[in-house]
Amino acid sequence: SSAQTIDANSPTVSSATVTGGTKKIGDAFTITVAADAAGYTLSSGTMNGIAVSGFSDEGGGSYEVTYTVVEGHTDRTAGNTPISIVLADAAGNTNSAHTSLTESSALVIDANKPAATTSATVAGSTAKIGDAITVTIVASEAGLSCSSCTMNGVALTGFALSSGTTYTATYTVVEGHTDRAAGATTLSITLTDAAGNSNSAFTT
């Protein structure tokens, strides 16, 4: 007869830890999983509802997995990112899902770019050298900065939140700038959120 082996104990996961910080689209970070022994495999692992990758056994009951922020994932505030870790031993025993995430510092996930600017308008009329033109920009949210905003190929100045999700910026006509006929003035607006995500340039 062959040798009989009995494995009557499931893996035990004691913690899943991340270093924290604000994570934007494209950021990949490590989750360190502490278990009771080495030699386990990952049966199932998700973070923010997405399968983790890169499972590795670091020895001594320490394991690492990776989560990468992809556009469209759910935004999360500190303390609110769900996790689920299930390990398996050689016999096929698995732990009940470990669903508690320890954040060494606050973890914020920003997985969505600012929505494309919905409009950018100017009052119109004829502007001469020295005239300042106010550009009114309606965006998707407050708290944005202007990472690249130009009119007539020249950087706008004085970008600021006016009210709600409406911003203003200024273009000043300077000697040597390109003359433009009505409807032909180029405008390009790229806004960036606090995490560093930017919209595709809004152009007219």
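# Exercises on a predicted model

Strand β4 (residues 41-47) runs antiparallel to β8, and six bridges join the two. The model is a predicted one, and the exercises below work through its strands, salt bridges, disulfide and largest pocket.

## Exercise 1: the sheet around β4

Task. Work out the order of the strands in the open sheet that holds β4 and β8, and state which strands stand at the edges.

Solution. Start from the pairing of β4 with β8, where Leu42 has Leu87 as its bridge partner. Next, take the other pairing of β4: two bridges link β4 and β5 in the antiparallel sense. In that pairing, Thr46 is opposite Ala51 of β5. Put together, the three strands give an open, antiparallel sheet in the order β5-β4-β8. The edge positions go to β5 (50-51) and β8; each has a single partner strand, so one side of each has no neighbour in the sheet.

## Exercise 2: the two faces of β8

Task. Decide whether the residues on the two faces of β8 are buried or exposed.

Solution. Side chains in a regular strand alternate between the two faces of the sheet. Split β8 accordingly: Ile83, Ile85 and Leu87 lie on one side, and Ser84, Val86 and Ala88 on the other. Then apply the cut-off for buried, which is under 20% relative accessible area. Both sets are buried, and both faces of β8 are therefore covered. The count is six of six residues buried, so β8 is largely enclosed by the rest of the structure.

## Exercise 3: the salt bridges

Task. Find the three salt bridges of the structure, and state which parts of the chain the pair Lys113 and Glu71 ties together.

Solution. The cut-off is a side-chain nitrogen of Lys or Arg within 4 Å of a carboxyl oxygen of Asp or Glu.

- Lys24 and Asp27 form one salt bridge, with 3.5 Å between the closest N and O atoms. Lys24 is partly exposed, at 29% relative accessibility.
- Lys128 and Asp131 form another, at 3.4 Å from N to O. Lys128 is exposed, at 56% relative accessibility, whereas Asp131 is partly exposed, at 23%.
- Lys113 and Glu71 also form a salt bridge, their closest N and O atoms being 3.6 Å apart. Lys113 is in the loop between β10 (107-109) and β11 (119-121), and Glu71 is in the loop between β7 (62-68) and β8 (83-88), so this pair ties together parts 42 residues apart in sequence. Lys113 has a relative accessible area of 37% and Glu71 one of 40%; Lys113 is partly exposed, and Glu71 is partly exposed.

## Exercise 4: the disulfide

Task. Identify which cysteines form the disulfide, and state whether Cys149 is buried or exposed.

Solution. With a cut-off of 2.5 Å between sulfur atoms, the count is one disulfide. Its cysteines are Cys146 and Cys149, with sulfur atoms 1.7 Å apart. For accessibility, Cys146 has a relative area of 27% and is partly exposed; Cys149 has 5% and is buried.

## Exercise 5: the largest pocket

Task. Describe the volume and the lining of the largest pocket.

Solution. The volume comes to about 770 Å³. The lining has 33 residues, and those nearest the centre are Ser125, Ile133, Met151, Arg180 and Thr185. Now sort by element: β11 and β12 (132-138) are the elements that give two or more residues to the lining. With four residues, β12 gives the most. Sorted by class, the lining holds 16 nonpolar, 12 polar and five charged residues.

Key. Residues are numbered from 1 along each chain as its sequence is written. This is a predicted model: local features need pLDDT of at least 70, side-chain atom pairs count only at pLDDT 80 or more; totals for chains, interfaces and linings use all residues. Side-chain values use heavy atoms; hydrogens and water are left out. Buried means under 20% relative accessible area, exposed over 50%, partly exposed in between (1.4 Å probe, protein chains only). Two strands pair if DSSP finds at least two bridges between them. On a 1 Å grid over the protein atoms alone, a cavity is a set of points where a 1.4 Å probe fits but cannot get out, and a pocket is an open set with protein on both sides within 12 Å along at least five of seven lines; lining residues have an atom within 4 Å of a point. Grid points are joined across faces, edges and corners, and a volume is the space filled by probe spheres set on the points. Ala, Val, Leu, Ile, Met, Phe, Trp, Tyr, Cys and Pro count as nonpolar, Asp, Glu, Lys and Arg as charged, and the others, Gly among them, as polar.
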